[in-house]
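Me: I should like to work through a protein model step by step. Please let each reply reason from the structure to its conclusion.

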Amino acid sequence: MAKIVVKQELPVSAEQLWKLVADFGNVPWIPGGENVKLEGKGAGMLRIFPGPNGEIRERLESVDAGRKSLVYTIPQGVPFPVTGYRATMAVADAGKGKSTLTWTCECQPAGVSQAEASKMVEGMYGMMIGWIRDHLAKAG
């Protein structure tokens, strides 16, 4: 089992970042996010992205507003060569109006080394945190 962690500081308050991240069914920060389909509400809900090899289905497993964290899995269409994908997004106050986003993934590499799987996930998380940063900058 691999554990991959990407942590970045963002120039917005933890409350502002959490408000964006916690709204699992609303992803205006993802290019093409307007094409996401939703099934259900709250824990257990699915957000479904069109993908190059079929749908990517992400299931919200839990939300802890007090700790500003959420857990989701990808039961279908994982865009990496891994199985058992489980991710946690956690927001923390970094002081002076800044926050930290820690994105953690636990998974089993499938057909690639742990180092290769980690590099792919780290690259995607880095890109996605960039999308979040850009979206928050535009939102002011």
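Me: How many helices and strands does the protein have?
Reply: This is a predicted model. Read along the sequence, its elements follow the pattern β-α-β-β-β-β-β-β-α. In that pattern each α stands for a helix and each β for a strand, and the totals are two helices and seven strands.

Me: Which radius of gyration does the protein have, and why does it agree with that of a compact globule?
Reply: The C-alpha trace spans about 45 × 30 × 25 Å along its principal axes. For 140 residues, a compact globule would have a radius of gyration near 14 Å. The value for the protein agrees with this, because it is 15 Å.

Me: What percentage of the residues of the protein count as buried?
Reply: A residue counts as buried when its relative accessible area is under 20%. The accessible surface of the whole protein comes to about 7500 Å², and carbon and sulfur atoms account for 51% of that surface. Of the 140 residues, the share that counts as buried is 40%.

Me: Is Arg 47 buried or exposed?
Reply: Arg 47 belongs to strand 3, which covers residues 46-51. Setting aside neighbours within four places in sequence, its contacts include Val 27, Val 36, Leu 38 and Ile 56. The relative accessible area of Arg 47 is 4%. Buried means under 20%, so Arg 47 is buried.

Me: Which residue has a side chain joined to that of Arg 47 by a polar contact of 2.5 Å?
Reply: The side chain of Arg 47 has a polar atom 2.9 Å from the backbone oxygen of Phe 24, but that partner atom belongs to the backbone. The contact in question joins two side chains, and at 2.5 Å the partner of Arg 47 is Glu 58.

Me: How far apart do the centres of the positive and negative side chains lie?
Reply: The protein has 16 positive side chains and 14 negative ones. Each set has its own centre, and the distance between the two centres is 3 Å.

Me: Where does Lys 96 lie, and is it buried or exposed?
Reply: Lys 96 has a phi near 55 degrees, a positive value in a residue other than glycine. Its place is the loop between strand 6 (82-95) and strand 7 (98-109). Exposed means over 50% relative accessible area. Lys 96 has 86% relative accessibility and therefore counts as exposed.

Me: Which loop holds Lys 68?
Reply: Lys 68 is not a glycine, yet it has a positive phi of about 50 degrees. Lys 68 is found in the loop between strand 4 (54-64) and strand 5 (69-76).

Terms used: Residues are numbered from 1 along each chain as its sequence is written. This is a predicted model: local features need pLDDT of at least 70, side-chain atom pairs count only at pLDDT 80 or more; totals for chains, interfaces and linings use all residues. Side-chain values use heavy atoms; hydrogens and water are left out. Helices (H or I, at least four residues) and strands (E, at least two) are DSSP runs, numbered from the N terminus. Buried means under 20% relative accessible area, exposed over 50%, partly exposed in between (1.4 Å probe, protein chains only). The radius of gyration is taken over C-alpha atoms; the globule rule is 2.2 Å times the number of residues to the power 0.38. Accessible areas come from the Shrake-Rupley method with a 1.4 Å probe; for residues, only the protein chains shown count as cover. Lys and Arg count as positive and Asp and Glu as negative; His and the chain ends are not counted. The place of a charge is taken as NZ of Lys, CZ of Arg, CG of Asp or CD of Glu. A polar contact is a pair of N or O atoms within 3.5 Å; within protein, one must be able to donate a hydrogen and the other to accept it, and residues adjacent in sequence count only if both atoms are side-chain atoms. Contact means heavy atoms within 4.5 Å.
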